Every structure is written in structure tokens, then in C-alpha cells.
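Work through the following exercises with the coordinates open beside you, and try each task before reading its solution.

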Amino acid sequence: MSAPPISLKATGRSRRRLFADRAAVGGAILAALIAVGMLAILVGSVLARAFHSLTWDFFTKGPAVFGQTGGGIAPALVGTLLLVLIAAAMAVPVGVLIAIFVSEFANRKVSAQIRLWLDVLNGFPSIVIGIFVFALIVKTKFLGIGHHQSVYAGSFALAIIMLPLVSRTTMEVLSLVPRELREASYALGVSKWRTVLSVVLPTSIGGIVTGTTLAVARAAGETAPLLFTCSIAGQLINWDPSISVASIPVTIFTYSESPDTALNGQAWAAAFVLIAFVLLTSMFARIMLERSRRKLGRV
Amino acid sequence: MRKFVFSALAAASLALLSVGVAGAKHSTVVLNGAGSTFVQPLVSVWTPALGSAFDYTIQYSGVGSGAGIAAITARTVDFGASDAPMSSDQFTACGGCVQIPWALAGTSIPYNIPGLQLAKGQTTFHLSGDVIAKIYMGTITNWNDPAIAALNKGATIPSLTITPVYRTGNSGTTYNFTDFLSSVSSAWKTQIGQGQSVNWPAGTGASGSSGVTGVVKNTPGALCYVDTGYAIANHLTFASIQNAAGNFVSPSIRNVAAAAATVKSVPTGNELHIVNPPKSAPTAYPIATFTYIILPTHSSNAQALRKMVFWALTQGQAKKYTAALWFAPIPKVVLVASEKTLQQVAST
């Protein structure tokens, strides 16, 4: 005589719970697949359309004279490089200083306010920033620069976009720096500013670089702030930041409207270059962040 | 790790520094301009030539004539360009500007009618100002309309809805086109009138010369009005238009020049109209326009601007620059007036 075997099969309420669980997990997996799939489709379709235009000339030559074939986007590549480098030179020091102030010196009330305003700035419509900079330094003379479109004006607009990104990420890493490190420093009689400069900043440099890289990737793809500030361009490569240059996003914008199919192809190719740049910089940022996390974990 | 980061930062600042040095070495004059997309192809051909002649860098942005006038009014550029003459209000707002006719071309009417077969012996599709006005007013809506058939006897025209395409924004080409329509159609003149932008009763809008050309290229049944160079470069066929003498003429250089030859004197202010020229010019193309460069009378780049425009008015009119884009050389009487006006541009 043995007891009837206990069935492990779910019944009744537990059966329903099991289904709900599976449905939820399935839905989550599907959503993740859609996100990854979207990215794959996006990159794939851009590459498919860009492929024919990705020639050596495309990277080394200026745009063809009207009605002629060939040509490339070399001035736009140089222009975007200049724009983001100068924008980073403006945004990074200010952004890092804000982060240091907020996480090391400010009291809780002030730092909460600053965080809020940075988030507002982060969500600010980029076209408004473009118009603001236009009114400030393109339409009027400002500190001796301006009264016409220039790399400085475009970079200033991009810097405003980069600023909250740089300082928010920097705040995050600064808060990861263990309290013990600072305390050890104070215990040795080191002053506060010296601690920040020699202990806190070097420890979090990886995170700061990450924030900067992500901000650069974001700024490189911005079109709206440049339309009013840096969109008049010649046909040659230009390294002078006091005049306006071609840039990749503005080139995509104008070429995509062209009736010339060759230029449409170049717009796709330029889009691919931009995507590749964003992917590479994001990956680089990720690796840097991982390294700095590991290092902080060791402490 | 830290070493790597610092060397990366050092490399970045070195790159920035070299940018600054390269910038400092920059000694050529840069002239920024904005405006008409009509003249943009010609400016893009002139740019390398001006670069080698004077070491000038021309940076031109085709934002449309209206935006070009706005840009020179705000002095955010060194010169503006417009196909529409500036109104007296615009002159007042601009505060010391002159307009100088510096190029001349026809506004073509390209169309996209798949399956169109012309009668034997007819080489181009025919349209009249009256029919074009009715198409843009929405009263002629199909290509097989009897009014169009009457202009193209013996042609096989498919039944296809017409999509008239117009320029959005303030456009000098729109000014030229509506100037023509107002001159040939009293209904157009009273109901819609002329301007850089008008209230279009029918059709689809597109931005810039490139935009309208693109829409016509990709839309069966579409037609638009655009600088002939764009139609040629994009392999679009365009109509021959009936002029006052009753002839159907293409916007060829010779026919545009014939229209421009009707200018006997240039008024102060240089405003010129050559649409719908009189019967006495039997080969004149009826939708041609002078296009203007707008210069401030006081500019820190005055000398370079004068040299550039003088070059454009003289050497720039040579066939090697203009012929492929179907721009006609500007007539002597206009050239003299332009050069005289150019003297008003002085250094600050």
C-alpha cells in the first residue's frame, strides 16, 4: 500500500501563475529582441544603401561641382571633428567643475537644485539652443567673435548640449569614489581641494572620459543646433574655426533632399560614417567605464 | 590605465593646438554668402575659379532668396543673393544695401509624364502661360485636358492627374514665375498675384530648387518651375513655352538672351523684369530672370567683394562656366549699370 504519487503538475491558481510568469518573461525577451533587432535593421539598411558610395574619394575629396559626379565629404569629416573637439574643450572643464562642486562642496539643497537644472538642460530642445546661440553670437558680435556663422558658434551650441551629459556622468563616478579614500587623505592632513585634485579626480578619470566620449558621440550627430550657427560651407577642407564649416549631420540633411541619386547615396554613406562613429565611441566609453568600476571595486 | 588616459588627453589637446596653429596660418579672404538656390550651381562653378584667381574662399549656402535677403539684412553674411528684386521695404530694412544683377537664366518648366508621345516633327512638349496658370490654379487637373492637347496636336497624352509642385519659403524663382503668370493671366493677377511666396490654390510644396526637382523626378504627373540648370543636371525634360509672338521656345541661352535684349535701360535700384517680353522679340523665352547679388554699401570685406563681383560680371560670364548650366551672358547695358553700382560698395 503506497500513498498516491504527488503530482508536480501545476493546477488551478498556481497554473495560472505559471502562465503569467511565462508570458511576462516571454514579453520581456521579445521587447529586448525588438530593441536589438531595430538597431540591427537600422545599421544594416543604412549600410546596404551606403555601400556603393563608400569609396576612397568619398573620404578624401570635397563635394563635386554642381552637375558633376563623384566627390566626397572630406570637408564635412574635418568640420565635424573640429566642431566636437572645440565643443568638448568648452564643455568638459565646465562640466567637470560643476560635478566637483555638486558632489564635493555644495550642500544637499543646492546640489539637488543643480542636478534638476542640469536634467532640464539635458532635455532642452536642441533647435532652441541653436536659435539662442544664433541670437547671442551669430547675429550680434560677442567677445570679438561672431557676426557670422563659425565653428566657434556651432561648437558653443554643441557644448551646451554636451554640458549636462558630461557633468551628470562625472557626478555619478565621483559619488562612486569610496568615502574611505577621502578620509584617508584627510587623516594625512591633506586639504580638501588637494584631496579632490590628487585623490578623487584621478580615481574617477575613467568615468569622466566615459561621460565625455558619450557626450561627443551625441554632439557629433546633432543637426538642429548647427543649422543657424554653422551651416554655410564652402567646397574645400577648412581648419579655421573662425569661419563656418561643413559637418556630417548638415551634409546628410542637405544631400537627402537632393534630386541627384548619387548625392542621396552619399547621404546614406555619411549616415553610416556617423553611426559607426557613435557605435565605436560608445563601445570605447563602455570599456573605460568597466575598467574604472573594476579599479574602484578593488579599493 | 591612468597613463593611457593622460596620454589620450595630451594627444587631444595637441590636436586642438594644431587646429589653432592651422587656423592662425589661414590668410585667404573668406566670403560668406547665402540666398538663391537658382544661382547656386553657378556660384559652385565660380568658387574654385575665384579661389585660384584671388585666393578667395567663397562659402555659399542655398537657403532661398528670401532667407538670403534676411541674412544680409542681419549682416550675418558678406553677401546675399536673390532672384527677386528687393522691395523698397526690404531696402529700408537692409540699411545701405545695393542689388546688382550678376547672372541671367531661364526658369524651366520640367514635367514627368510617363507615356507621353509627341507628334512626328514636334521635338518638345508645348505649354502656354495661360495653361500653366490654370494648372497652378487647379482648374486644369489632368494632362489629357483639351487645352493641353490643343497645344500639342497629334500627341498621345496619357490620362494622368497633374501634380503642380511649388517652392515653400520665400523664393526668387517663385517671384519670377508668378511675375510671369500675373503678366499672362488676368485671373492669376487678380486672384493670386506675384510674390516670393503666394497662397497656392493647388499642388504640393517642396523646399529649394533641389527639392522641387526631386519631387518632379519621383512623381509621375508632376511639373514644377526651376532654374534650367537643375532640370538639365537631373535629366528632366522641360516644356517649350509660348511667348507673346506665339512661338514655342525653350529656355536656351540664345532665347533667354533674346528676352534680356529687350532691356534698353536700367532704372536706379537695378530692378529688372524680362518676363513675357513683347512680340518684337520673336524668340524670347518668356520666364527668364536676372538674379541679383545683394551687397552692403559698407563692408570690412568691400575690396574682396568688389573684386569677386567684377570677376563674376566679366570673366565669370564666359561660356566655360555658364554654358553647361544654361546661364546666358548678361547684356552690356546691364553690365555697365552693375559695374557702376559696384563702386558704391566701400570699406568700413
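The exercises below go from the chains to the domains and the interfaces.

This is a predicted model, in which local features need pLDDT of at least 70, side-chain atom pairs count only at pLDDT 80 or more, and totals for chains, interfaces and linings use all residues. Residues are numbered from 1 along each chain as its sequence is written, chains are lettered from A and ligands numbered from 1 in the order in which they are written, and side-chain values use heavy atoms, with hydrogens and water left out.

**Exercise 1. Describe the secondary structure and the dimensions of chain A and chain B.**

Begin with the DSSP runs, where helices are H or I runs of at least four residues and strands are E runs of at least two, numbered from the N terminus. Chain A has eleven helices and two strands, and along its sequence these follow the pattern α-α-α-α-α-β-β-α-α-α-α-α-α. Chain B, in turn, has 14 helices and 17 strands.

Next, compare each radius of gyration, taken over C-alpha atoms, with the globule rule of 2.2 Å times the number of residues to the power 0.38. For chain A the value is 25 Å, whereas a compact globule of 299 residues would have one near 19 Å; the C-alpha atoms of chain A fill a box of roughly 95 × 60 × 30 Å along the principal axes. For chain B the value is 23 Å, which agrees with the value near 20 Å for a compact globule of 348 residues, and the C-alpha trace of chain B spans about 80 × 60 × 35 Å along its principal axes.

**Exercise 2. Locate the two domains of chain B and characterise the interface between them.**

First take the bounds, which come from an automatic or database domain assignment: domain 1 comprises 8-103 + 291-347, and domain 2 comprises 108-260. Their C-alpha centres lie 30 Å apart, and the contact (heavy atoms within 4.5 Å) takes 20 residues from domain 1 and 21 residues from domain 2.

Then consider the buried area, that is, the accessible area (1.4 Å probe) that two parts lose on being put together, summed over both. The two domains of chain B bury about 1,500 Å², 63% of it on carbon and sulfur atoms. On the domain 1 side, B:Thr37, B:Phe38 and B:Trp326 lose the most area to domain 2, together 40% of what that side buries.

Finally, check the polar terms. The count of salt bridges (a side-chain nitrogen of Lys or Arg within 4 Å of a carboxyl oxygen of Asp or Glu) is zero between these domains. Six residue pairs, both at pLDDT 80 or more, are in polar contact, which requires a pair of N or O atoms within 3.5 Å, one able to donate a hydrogen and the other to accept it, with residues adjacent in sequence counted only if both atoms are side-chain atoms.

**Exercise 3. Characterise the interface between chain B and chain A.**

Start with its extent: 40 residues of chain B are in contact with 36 residues of chain A, and the area buried between the chains is about 2,900 Å², of which carbon and sulfur atoms give 71%.

Turn next to specific pairs, where the rules find zero salt bridges and two residue pairs in polar contact, both at pLDDT 80 or more. The elements giving two or more residues to the chain B side include α1 (2-25), β1 (29-35) and α9 (208-218), and the largest share, ten residues, comes from α1(B).
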